[in-house]
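Student: Could you take me through one part of this protein closely? I would like to see how charged side chains pair up and how two helices pack.

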Amino acid sequence: MKIRVCVLFGGKSVEHEVSVISALQAIASIPADKYEVIPVYITKDSQFYTSFECSCIEEYSNIEKLISKSTRCTFMNEDGRVKLMRYPFKKTGNNVISEIDVAFPIVHGTNVEDGTLQGYLRLLGVPYVGCDVTASAVGMDKYVMKTVLKDNGIPVLDCVRFSSSDYADPEMCLDRTEEKIGYPVVVKPVNLGSSVGISLAFNRDELSLSLSDAFRYASVVLVEKAITELTEINCSVIGNTETAEASELEQPLNFGKLLDYSAKYQRGALSKEELTEFKKGIDDIINNPIDVENELKNDASIYVSPDGRIVRKGEGVVTYDLSVSLKKFEAEKLSRVNPGRPTKAAAGMASLSRLIPPNMTEETRAYIRSLAVKAYTVLGCNGLSRIDFMIDRSTNKVYLNEINTIPGSLSFYLWAPLGVNYSVVLDSMIKLALRRSREEEALEFSFSSDILKNFSSKGTKGTKGTKGTKGSKM
C-alpha cells in the first residue's frame, strides 16, 4: 500500500505564488510507485482546497475557477488517524476525502514557513516533512538566527534591529544606523524571504525610504552593513541534527546587486547595460577563482569523505552513485548560463542565472559546505534547507546570510550535479519525517496526576498562592 502524502502549499504569505510553483514541481517528482500524493492548496485567506486540478499549474491563472472545481477541506484526528475531511460536513454520506500518513509543507514566508503551519500539523498529530516548529521559527527570524549562529562561532554580519515602536522615531533609527554601521547598508524585514522588502541604501535619504518600505512587510526590521565587493554562494543541506550532508554550491550571477523578488521570479531578458555587466562578471569569474581562509579546518565534528562529500556525525542520509565524480570548473560550462532569463515564472528559482559549481578552490568549496552543515545542525534543522552565504572579496571573509528552511524549488538543482535525482531528494525528506515521528512516539509527553481530582475535592482552598473565597463577586 502506498504512503499517502499530503502536499500543502500557498497560504497567507507574500510568497504565495512562489510556493505554488515549488509545490507543483515537487508533486511531479515524488516517486509515484511509493507515494500517493494529495495536493492541498491554501488560499490567501487560509482556506484549504483539494482536487486533481490543484496539481496543474495552468489552473492557477484563474484561482476562482480553480476553487469552483475543488473541494474545501479540513483536517481531523480521529482515533489516532489524521483524515482530510470535506468542509462544511455533509449531513449524510461520507465526509472523508482521504487518510493522511505524512504532510509535506512546501510553503514560503510568514504565516506558513515560520512554524505556524508546522505547529498546526504537530497539534493534529500527523508526521510532517521539514524543520520542526522551533527550527522553522528561528530560521525565519533573521535576528534570532544570527544570535544563535554567532553564539556557536558561525560568522554573521553585525546588525541593528528596529521594531515598529522604534520606528515611531524615524530620526533615532537613522542616527543609530549611522552611528553603529555607516553606509552603505542593506535593509530587510526580519522574517521574510525571496528578497521581499530588501533594499540597499547609500545615504540618509535612501535609508529613510528603505526603512519605510521594509516596515510595510514586517514589524521588525534589520539593518546590516552592505558588502560592496560581494559574491553570493548558496548551499543546500539534507538530513537531521545527527546526520546531514551538503549539496553542490551555486553562485547567483548578480555581480554585487541585490536579487529582489522580481529579479528572482519575474524578470525577462537583461537590458544592454545589464548584459555588458553580466559579461564582465563572467570574465572576472573565469580569471579569478574564489579562495578564502578555511576557518573550520580544525572542527573535528565535520567530516570530509574521500569522494569529497561533507557530512556531520555519521554517514550521509542521501544515497547516490559515488562513481559520478564532481566536475572541475571549466569555462565552457558557462554556455549553460542564459542571460535571456525565461519570462515564465513556472521555472522558479531554477530559472535564475547561476554558476554550478562556482569557480573556487577545493579548500574554499569544502569550507563553505562544512559551514552549511554546521549551521544546519546548530539550528536543529530536519529535511532540507538552503543556506545562503556572502563572500566579501575585499577582506576574503565568508558570512552566513540566512537560512531558507523551505527554499524555492526545494533547491533540487543543487543536487543534480552530485548525481542525486530530485525524486531521491524528495523520498529522503519523507523518510526523515517518518523517522522523526517514530522517535517522537517513543517519548513521554504526558503522565497521570491526581492534581485535578484533588482540586475538585478541595475546591479552590489549598491551591498554591490562592485562598478560597466562597461566593466572591467580580
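Student: To set the scene, what percentage of the 474 residues of the protein count as buried? After that, please look closely at the place where helix 6 and helix 7 pack.

Tutor: Happy to. Of the 474 residues, 52% count as buried. Please keep in mind that this is a predicted model. The average pLDDT of the protein is 82, and 73% of the residues score at least 70. Two stretches call for care. Residues 259-268 stay under a pLDDT of 50, although the model has 34 contacts for them beyond four places in sequence. Residues 319-352 are also below 50, and that stretch has 81 contacts in the model beyond near neighbours in sequence. Where pLDDT is low, the predicted coordinates should not be read in detail.

As for the overall make-up, the protein has twelve helices and 18 strands. Among contacts between residues at least 6 apart in sequence, 69% join residues at least 24 apart.

Now to your helix pair. Two packed helices are described by the angle between their axes and the distance between the axes. For helix 6 and helix 7, the angle is about 120 degrees and the axes are 10 Å apart. An angle from 65 to 115 degrees would count as roughly perpendicular and one over 145 as roughly antiparallel, so helix 6 and helix 7 are oblique to each other. The crossing of helix 6 past helix 7 is right-handed. On the helix 6 side, the residues that meet helix 7 are Glu171, Cys173, Leu174, Asp175, Thr177 and Glu178. Their counterparts in helix 7 are Arg204, Leu207, Ser208 and Leu211.

Several of those names return when we turn to charge. Side chains of opposite charge can pair when their charged atoms come close. Arg204 forms a salt bridge with Glu171, with 2.6 Å between the closest N and O atoms. Because Arg204 lies in helix 7 (residues 204-214) and Glu171 in helix 6 (residues 170-180), this pair ties together parts that are 33 residues apart in sequence. Arg204 also forms a salt bridge with Glu178, where the closest N and O atoms are 2.8 Å apart. That pair, too, links distant parts of the chain, with Glu178 in helix 6 and Arg204 in helix 7, 26 residues apart.

How accessible are these partners? Arg204 has a relative accessible area of 24%, so this residue is partly exposed. Glu171, at 44% relative accessibility, is partly exposed, and Glu178 is partly exposed at 30%. The cut-off that matters here is 20%, under which a residue counts as buried.

For a contrast in setting, look at the salt bridge between Lys188 and Glu224, whose N to O distance is 3.3 Å. Lys188 sits in strand 9 (residues 185-189) and Glu224 in strand 11 (residues 220-225), so the pair ties together parts 36 residues apart in sequence. Lys188 is buried, with a relative accessible area of 5%, and Glu224 is buried at 2%.

Salt bridges can also share partners, as they do in the network that joins Arg4, Arg81, Glu99 and Asp101. Arg4 belongs to strand 1 (residues 3-10) and is buried, with a relative accessible area of 14%. Leaving out residues up to four places away in sequence, Arg4 touches Glu36, Ile38, Arg81, Ser98, Glu99, Ile100, Asp101 and Val102. In the whole model, the count comes to 24 salt bridges.

Two further buried residues are worth a look while you have the structure open. Asp388 lies in strand 17 (residues 383-392) and has a relative accessibility of 7%, so Asp388 counts as buried. Its contacts beyond four places in sequence are Ile233, Asn234, Tyr399, Leu400, Asn401, Glu402 and Asn404. Asn382 is found in the loop between helix 10 (362-378) and strand 17, and this residue is buried with a relative accessible area of 7%. Asn382 touches Gly130, Cys131, Gly239, Asn240, Tyr376, Leu432 and Arg436, not counting residues up to four places away in sequence. Asn382 and Ser136 are 246 residues apart in sequence, while their C-alpha atoms are 9.6 Å apart in space.

Key:
Residues are numbered from 1 along each chain as its sequence is written. This is a predicted model: local features need pLDDT of at least 70, side-chain atom pairs count only at pLDDT 80 or more; totals for chains, interfaces and linings use all residues. Side-chain values use heavy atoms; hydrogens and water are left out. pLDDT is the predictor's confidence in each residue, from 0 to 100. Contact means heavy atoms within 4.5 Å. A salt bridge is a side-chain nitrogen of Lys or Arg within 4 Å of a carboxyl oxygen of Asp or Glu. Helices (H or I, at least four residues) and strands (E, at least two) are DSSP runs, numbered from the N terminus. Buried means under 20% relative accessible area, exposed over 50%, partly exposed in between (1.4 Å probe, protein chains only). Axes are lines fitted to C-alpha atoms, for helices over the stretch in contact, and angles run from 0 to 180 degrees between N-to-C directions. Angles under 35 degrees count as roughly parallel, over 145 as roughly antiparallel, 65 to 115 as roughly perpendicular and the rest as oblique. A crossing is left-handed if the near helix is turned anticlockwise from the far one by less than a right angle, and right-handed if clockwise.
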